[in-house]
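Hi,

Here is the structure I said I'd pass on. Have a look at it first, and my notes follow underneath.

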Amino acid sequence: MQIMADVGGIPGKNCRGFCKYCYFKNVHERKILGCKNCPPGQIGCPHCTTDTNMTRDYLPPFQVISTLQNNMFQTELSQDTIINITGDGDVSCYPYLEELTGQIKDIGFPIHLGYTSGKGIDDASIVDRLINNNVIETTFTTFSTNPALRSEWMRDPTPEASIDALKRFCESCDVHAASIIIPGVNDGEDLRRTCEDLESWGAKALILMRFANTRNQGLILNSDPIVPGIEPQSTTEFEALVKDTAKEYNLRITGTPLCDPENDSPYALSKDKNSEFLEILTPIRAEATIITSSISAPYIEKIINNLGASDLVNVVACSQEIACLITQEDLEELDLNEIKDAVIIPGRCFVHDLKAEEILRSDGRFRLIKRGPDMLTSDGEMSGTQTKEEILKKELYAFEELIETINYIGVHK
């Protein structure tokens, strides 16, 4: 179990400047998206409004500790509880990091350092002090172990110190490294060198993250390309890269938006070798349409087909590749002739319920609209710490919830 210790921070400001490939560097204006957390009659809330996490500076340590203790008081703690220090800036740039980890150590819990690039580390000796303060694992944005590439693409002012810090973390605690893959930059030979370094230093895992450069790949706050002229890999090419890399190194290699070669995710239930588990699920007895992303659609459609319900349920794909990043613009692009009278939309999509109803009934046909589960599967950021059994269990629970929703709101024939 993880309990968050949120240190705040502003992207670009509290991380020593934007990385060249940073998602937030082109976000300059307030944008209200809408989501399931909004009040019933109001579009916009802290979760889906752009400036919510763009205007708060780093929080003082006493405030972080106070909020953490309140969260701990409201949570049933266990021996496996770990404190995850996270924020919207870079954790390594947090000026009170040593003080904060020392106070958490006194509380008596181990620490996970959330995503950090190491850009805030000018002297790698700080790693030893953090380890002494009970930091037992960290998620480290590596990009490359080539200092020149880190300097150019991450705008890292002290790349050698950052790489030395990464090496020390690998030698002293569990490191889950992460690299956004820029075609022609840190793939190919550079990726091989990075993997070899991480493997020799003792890193536990590496997640490869596909670079996004267009709106349908996830740039929903600003559709301008992050790096003009760069063409990201296709999902097929990226999946092959993840699988090939996983075969070559003694690291747990996963990818996002896909895949995890070890755990069969995403959508392990769609694999033929796991089809027997579908017998556990409740039969589908009603008609409905499932709206999802372009990546998820083929997997969900195959599971529906294997359940023998393709005549009842159809799956409609938005152009958006990630289901939780679907917005009202994506729904507006759909052909309503394909949408049945009962509709399931992704649980976490950035669309207010009223907007979803307005868009999906705009042809004058009344449709009943319901959110599905928050997640139907695990992506590479989650699956890297899960077993095959945990993946299948998670998916079975999620699809059972989805089926119950279909049977509840769907049209019975």
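Let me start with the second largest pocket, bearing in mind that this is a predicted model. Its lining takes in 14 residues, and those that lie nearest the centre are Glu239, Lys243, Asp264, Lys271 and Tyr299. The volume of this pocket comes out at about 190 Å³.

What is the lining made of? It divides into 7 charged, 5 nonpolar and 2 polar residues. Two helices, α7 (235-248) and α8 (296-306), each give at least two residues to it, and α8 has the largest share, with 3 residues.

Now for the sheet. It is an open one with 7 strands, paired in parallel, and the order is β1-β2-β3-β4-β5-β6-β7. The edge positions go to β1 (2-6) and β7 (252-256); each has a single partner strand, so one side of each has no neighbour in the sheet. From one strand to the next, the twist averages 20°.

If you want a spot to zoom in on, try the pair β3 (residues 111-116) and β4 (residues 135-141): these strands run parallel and are joined by 4 bridges. Thr116 has Phe140 in β4 as its bridge partner.

Which helix packs on the sheet here, and which strands does it touch? That is α2 (residues 97-107), which touches β1, β2 (82-86), β3 and β4. The direction of α2 makes about 165° with that of β2.

That's what I have so far. Shout if anything is unclear.

Cheers

Notes. Residues numbered from 1 in each chain as written. Predicted model: local features only at pLDDT ≥ 70, side-chain atom pairs only at ≥ 80, totals over all residues. Heavy atoms only, no water. 1 Å grid on protein atoms, 1.4 Å probe; cavity = no way out; pocket = protein on both sides within 12 Å on 5 of 7 lines; lining within 4 Å. Points joined across faces, edges and corners; volume = space filled by probe spheres on them. Nonpolar A, V, L, I, M, F, W, Y, C, P; charged D, E, K, R; others polar. Pairing = 2+ DSSP bridges. Axes fitted to C-alpha atoms, helices over the stretch in contact; angles between N-to-C directions. Contact = heavy atoms within 4.5 Å.
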